[in-house]
Amino acid sequence: MAAAAGCTLLALAARGAAYSGDDPDETYGENPCTGPKRHELLCPNLRISKPSNMFISISASGRRLLHAQSSLNSRGKGPLEVRGIRIPGTRLMRVNQRIHRRGGGKLVIQTEGRLAFYPVPGQYRYWKFRDAARFEIWSVDGQGHPLQHLRTGPKFYYCLRDLERTKPSRHSPGHRVYPGCNQDPNKRGVVLGTSVGWSDIYPADYNEQYVDVSGLRGCYAFYMLADPKNHLRETNEDDNRSRALVRLPSGRRVHRC
């Protein structure tokens with residue numbers, strides 16, 4: 001067994017890949033958080049709050065932008081935790097999700113997710129998770145039912161951090177376990193996550209917190225989607241979206257169309 005492990009390490013070195021020490025137990029495949037092993041795991045559940053604090057701004061080029069605050073909320077039995085592992089020669093990291101086991105240890109799952117060293121104006125760059133969330137504008141009928149997807153916002157990258165403890169409980173740590181995103185361009189690996197009962201919140205005036213709604217008039221739905229490409233394994237994949245109805249071009253939130 002030791003000889004086999006040594007050969008694996010040598011093979012990785014020969015290919016120029018860095019050994020991560022975080023080899024996956026599973027790859028993609030079925031969701032262990034909904035399968036027969038779910039009772040052995042402390043699985044995460046990611047939700048996203050309704051768009052809030054909405055306002056309209058006008059860009060330098062005259063585009064009409066609808067801004068909103070977003071809040072990615074960790075509400076499962078265990079934290080949402082991912083580990084990025086550098087892809088040699090790039091500013092990208094492949095992503096393993098780490099699901100805590102009851103009684104200790106972690107189930108490591110290779111995902112199709114990626115971290116990127118993403119720029120934020122005035123703040124340099126951060127290692128952020130790609131496709132953690134997405135903003136969309138939909139047309140709706142007179143009862144507010146969605147009809148057609150019209151616009152998508154530019155923001156896809158998030159830290160997945162413990163910013164605010166929004167739902168305290170005995171399962172929720174009283175201190176931050178996962179701090180803000182790393183800004184070191186030379187990192188070979190980083191860990192991101194959001195603890196149970198904590199949220200990763202971005203105010204409405206933060207970079208890219210908007211959808212371009214230029215030319216739209218009438219009643220529309222502003223949707224926010226958590227993990228829109230289903231890179232992450234959760235206990236419930238059906239509670240990953242929220243919405244608010246909005247009147248355009250004013251940007252005023254309404255309760256019905």
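Contact here means heavy atoms within 4.5 Å. The legends below describe close-up views of a predicted model.

**View 1. Surroundings of I137 in the predicted model.** Leaving aside residues up to four places away in sequence, I137 touches L66, Q148, H149, L150, R151, V211, V213, L216, Y220, A221 and F222. I137 is also among the residues with the most contacts inside the largest nonpolar core, as are L66 and F222.

**View 2. The largest nonpolar core.** This core has 39 residues. Those with the most contacts inside it are L66, L72, L115, F129, I137, L160 and F222. Strand β17 gives the most to the core, contributing 4 residues. In soluble globular proteins, nonpolar side chains tend to be buried together.

**View 3. A second nonpolar core.** Separate from the core of View 2, this set comprises 7 residues, including V140, C219, Y223 and V254. C219 is also a disulfide partner, bonded to C257.

**View 4. The disulfide between C33 and C43.** The sulfur atoms of this pair are 2.1 Å apart. The torsion about the S-S bond is about -90 degrees, so the disulfide is left-handed. C33 lies in the loop between β1 (26-27) and β2 (41-42), whereas C43 lies in the loop between β2 and β3 (46-48); the bond therefore ties together parts that are 10 residues apart in sequence. Both C33 and C43 are buried.

**View 5. The disulfide between C159 and C181.** Here the sulfur-to-sulfur distance is 2.1 Å. C159 is placed in the loop between β12 (157-158) and β13 (164-165), and C181 in the loop between β13 and β14 (189-194), so the pair ties together parts that are 22 residues apart in sequence. C159 is buried, and C181 is buried as well.

**View 6. The disulfide between C219 and C257.** The two sulfur atoms lie 2.0 Å apart. With a torsion of about -60 degrees about the S-S bond, the disulfide is left-handed. The bond links distant parts of the chain, 38 residues apart: C219 belongs to strand β17 (residues 218-226), while C257 is in the segment after β19 (252-254). Because buried means under 20% relative accessible area, C219, at 14% relative accessibility, counts as buried. C257 has a relative accessible area of 32% and is partly exposed.

**View 7. Disulfide pairing along the protein chain.** The model contains 3 disulfides. With the bonded cysteines numbered in sequence order, the pairing is 1-2, 3-4, 5-6.

Key:
Residues numbered from 1 in each chain as written. Predicted model: local features only at pLDDT ≥ 70, side-chain atom pairs only at ≥ 80, totals over all residues. Heavy atoms only, no water. Disulfide = S-S within 2.5 Å. Helix = DSSP H or I, 4+ residues; strand = E, 2+ residues; numbered from the N terminus. Buried < 20%, exposed > 50% of the residue type's maximum accessible area, 1.4 Å probe, protein only. Core = buried A, V, L, I, M, F, W, Y, C linked by side-chain atoms within 4.5 Å.
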